[in-house]
Amino acid sequence: MRPAISIDFGAAYTKIAVRENPDSTSRLLSHERLNLDEARICIPTIAAWRERDDRWVFGPDAFDLKSGNGIHVFRNWKPILFAPPGEILDPESSIGRLFYYNLDGGNDNWPPIKKLAVKYFEWLLEVMLPSLLDYRDLDDPVIRISVPDFDGETLYAYQMEEILIEAGWNSPWIFCEPEPMTNLTGALSQGRNTMIDDDGTIYPDIHAIFSGSGLLDYVNLSSDEEPEGDFNMLLVDIGAYTTDFSLVSVGASSAGGLPPLEAHSEPYGVEMLDALVKHGLSPERADVVKRLSATERELFRRTVYSDGRAWTIDGVTIGGASDRVIVDKCVDGMTTRLANEVERFVSTVGVDRIDEVVFTGGGSNIPPVTQKLAEKLAPKGVKKFHSSSLPLDGEFPCIRLGHDIVRASSALGGASVLFGDE
Ligand SMILES: Nc1ncnc2c1ncn2[C@@H]1O[C@H](COP(=O)(O)OP(=O)(O)OP(=O)(O)O)[C@@H](O)[C@H]1O
Ligand SMILES: [Mg+2]
């Protein structure tokens, strides 16, 4: 089986994992220049363009830049690339103006957002990836990239493959997989790959790979045991800009395969939490939050939201005793909205029992967020939660995911041996 390079192209951060051999543990690629998360695996999905000399910079070089004075910084452009068919970029919006009037080159029939994506992936291939991994040592690796799942729409996979090829990823082994599938695989396997040799037939050992999940007991039911309905897994991925829900149901007849049943996205994420907090703070502190550099913002979020501590910058303290009530209210308010949307999603797809819940995305590192969601979901019969921030000895049965796995479960999952060579 070929080695695999897997890319989770996040709206805020791209993460890359590699699996060198069929049964080596998939690992996340890190670099000391990536200093925005503990594991140094988050590559900012950011591009910046300077008009004066038509110079482009990407990733960590663009992270702390601000738009203005002839510099244009492109953040959160992934949703435009994957806008559902029919929704086109408004040429009069500021991002639209830039794209329509300023971005030349490449295939002239392509929309500007695709040209931007090509530039980003060219950089990822030519500059970033070689600094993370000597991939020329890998023998014809499979390149697998996670793409959003909009009702089984294949257009996005096709478009992504086109972009990668235009960007010079000239591998015949480029494949796209729906994000809920790579995410689920990454969270359940945590990067494990194990093969069984059964009289010369070698295949992935799904039991070793998914150990700990009740899914296995379900898949293992002997034929005379009648399962009580499908095994339902809910994934909640709380990202920077969106929270994605997906429900994967394994039926008795489909045991072994993991068909995605439904997926849905809501525009709530950690960016929105910042907006709520800014609104609630005193004008002086709100202004400080507004002006944080991107690097400072990461530190602010971890300290104030996750650790529940005060954070001081330039002599101004945010999240101290007097702000605590406000911050807690905002976290609670956003989580309540999320919880309501999860409930609505689950009832829309007509599922009344959920067996396991997987929390991923940077927002799921915030303990009160997962705690509250778990409280809402537990009555649906949840037997296990997978999370980085629920307490292990708390009221809900929990399998611990590392912070880095939570950030990059789709990248890890995409490198899994379970996806095979194609
Ligand atoms: N411990 C933490 N406390 C608070 N916020 C955190 C923590 N860890 C990460 N985050 C925030 O979570 C956000 C989402 O991170 P993630 O890597 O999931 O985004 P993404 O995958 O690029 O976004 P999307 O899923 O929307 O495409 C980041 O912007 C980061 O600031
Ligand atoms: Mg994500």
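Modeller: A polar contact here is a pair of N or O atoms within 3.5 Å, and in this predicted model that cut-off is what admits the pair formed by an oxygen atom of ligand 1 and a polar backbone atom of Tyr241, which are 3.4 Å apart.

Colleague: Which part of Lys15 faces an oxygen atom of ligand 1, the backbone or the side chain, and which part of Tyr13 does so?

Modeller: For Lys15 it is an N or O atom of the side chain, 2.8 Å from an oxygen atom of ligand 1, whereas Tyr13 uses a polar backbone atom, with a distance of 2.8 Å to an oxygen atom of the ligand. As for how far ligand 1 is enclosed, the protein covers 96% of the 650 Å² of accessible area that the ligand has on its own.

Colleague: Which residues come nearest to ligand 1, and which element gives the largest share of the shell?

Modeller: There are 22 residues around ligand 1, and those that come nearest are Ala11, Ala12, Tyr13, Arg301 and Gly362. Strand E2 (13-19), strand E12 (231-238) and helix H10 each supply at least two residues of the shell, and the largest share, four residues, comes from H10. Sorted by class, the shell has eight nonpolar, eight polar and six charged residues.

Colleague: Since H10 has come up, how should I read its packing against H8, and at what angle do the two helices pack?

Modeller: One reads the angle against a range, and 65 to 115 degrees counts as roughly perpendicular. Helix H8 (residues 270-280) packs against helix H10 (residues 294-306) at an angle of about 75 degrees, with the axes 12 Å apart, and H8 is therefore roughly perpendicular to H10. On the H8 side the contact involves Val270, Glu271, Leu273, Asp274 and Val277, which meet Arg297, Phe300, Arg301 and Tyr305 in H10. These residues divide into five nonpolar, no polar and four charged. Arg301 is thus met twice in this account, in the contact with H8 and among the residues that come nearest to ligand 1.

Colleague: How do the axes of H5 and H13 cross, and what classes of residue make up their contact?

Modeller: The axes of helix H5 (residues 179-189) and helix H13 (residues 403-414) come within 6 Å and cross at roughly 105 degrees, so these two helices are also roughly perpendicular to each other. From H5 the contact takes Glu179, Thr182, Asn183, Thr185, Gly186 and Ala187, and from H13 it takes Ile405, Ser409, Ser410, Leu412, Gly413 and Gly414. By class, this contact has three nonpolar, eight polar and one charged residues.

Key: Residues numbered from 1 in each chain as written. Chains lettered and ligands numbered in written order. Predicted model: local features only at pLDDT ≥ 70, side-chain atom pairs only at ≥ 80, totals over all residues. Heavy atoms only, no water. Axes fitted to C-alpha atoms, helices over the stretch in contact; angles between N-to-C directions. Parallel < 35°, antiparallel > 145°, perpendicular 65-115°, else oblique. Contact = heavy atoms within 4.5 Å. Nonpolar A, V, L, I, M, F, W, Y, C, P; charged D, E, K, R; others polar. Near = heavy atom within 4 Å. Polar contact = N/O pair within 3.5 Å; in protein donor to acceptor, adjacent residues only side chain to side chain. Areas by Shrake-Rupley, 256 points an atom, 1.4 Å probe, with all protein chains shown as cover.
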